[in-house]
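Biologist: Please take a close look at the largest pocket of this model. How much space lies in it, and which residues and elements line it?

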Amino acid sequence: VLTEFSKHVFAFEREEEFREIIKTLNPDINVGSLDAANDFSNYFDVILCWTVLQHMHQDELVSAISKIKNMSRQGSYLILCEEILESDIEWNPEISKEKHICIARTFEVYANLLCPDFSLVEMRDRPKEKTNNRDVGKIMIFQKKE
């Protein structure tokens, strides 16, 4: 869908296996490692991050948000879709980085990490998918301040 509305679409993926799948399924999309994001300072008008951050440990989350801030232009939009908690839970440091994780966080966690660069424009429930009838989080649209 993004290629229908944009001249250039880039995908940043930390896992090589998934980068290869993206290249195969979407040859018109430029694909790079998450580390390559540093080469795109002040570059993007729209950044879409769909159920990615919830699979990161806190240190990875902070690093990813820092890259998002760096890559986005003033006035650009950041569309996040993540599982959201209504209140904080106690962090479990026993969770291994080798295991597949899904850490729901509060909206405030994301807003605080994006502050003061971004402000919330809109937040709504993510529509339930036909194959997944559980509560699947929120869509949050932020805009980078001018």
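Modeller: The largest pocket holds about 1600 Å³ of space. A pocket here is an open set of points on a 1 Å grid over the protein atoms alone, where a 1.4 Å probe fits, with protein on both sides within 12 Å along at least five of seven lines; lining residues have an atom within 4 Å of a point. The volume is the space filled by probe spheres set on the points, which are joined across faces, edges and corners. Of its 47 lining residues, Phe10, Ala11, Phe12, Leu48 and Cys49 are the closest to the centre. Two or more residues each come from helix 1, strand 1 (10–13), helix 2 (16–25), strand 3 (44–50) and helix 3. Helices (H or I, at least four residues) and strands (E, at least two) are DSSP runs, numbered from the N terminus. Strand 3 gives the largest share of the lining, seven residues.

The model is predicted: local features need pLDDT of at least 70, side-chain atom pairs count only at pLDDT 80 or more, and totals for chains, interfaces and linings use all residues. Residues are numbered from 1 along each chain as its sequence is written, and side-chain values use heavy atoms, without hydrogens and water.

Among the lining elements, helix 3 (residues 58–71) has 14 residues that should span 20 Å at 1.5 Å a residue, and its end C-alpha atoms are 20 Å apart, which agrees; the expected span is 1.5 Å times one less than the number of residues. Leu61, Ala64, Ile65, Lys67, Ile68, Lys69 and Met71 of helix 3 are buried, that is, under 20% relative accessible area (1.4 Å probe, protein chains only).

Notes:
Buried < 20%, exposed > 50% of the residue type's maximum accessible area, 1.4 Å probe, protein only.
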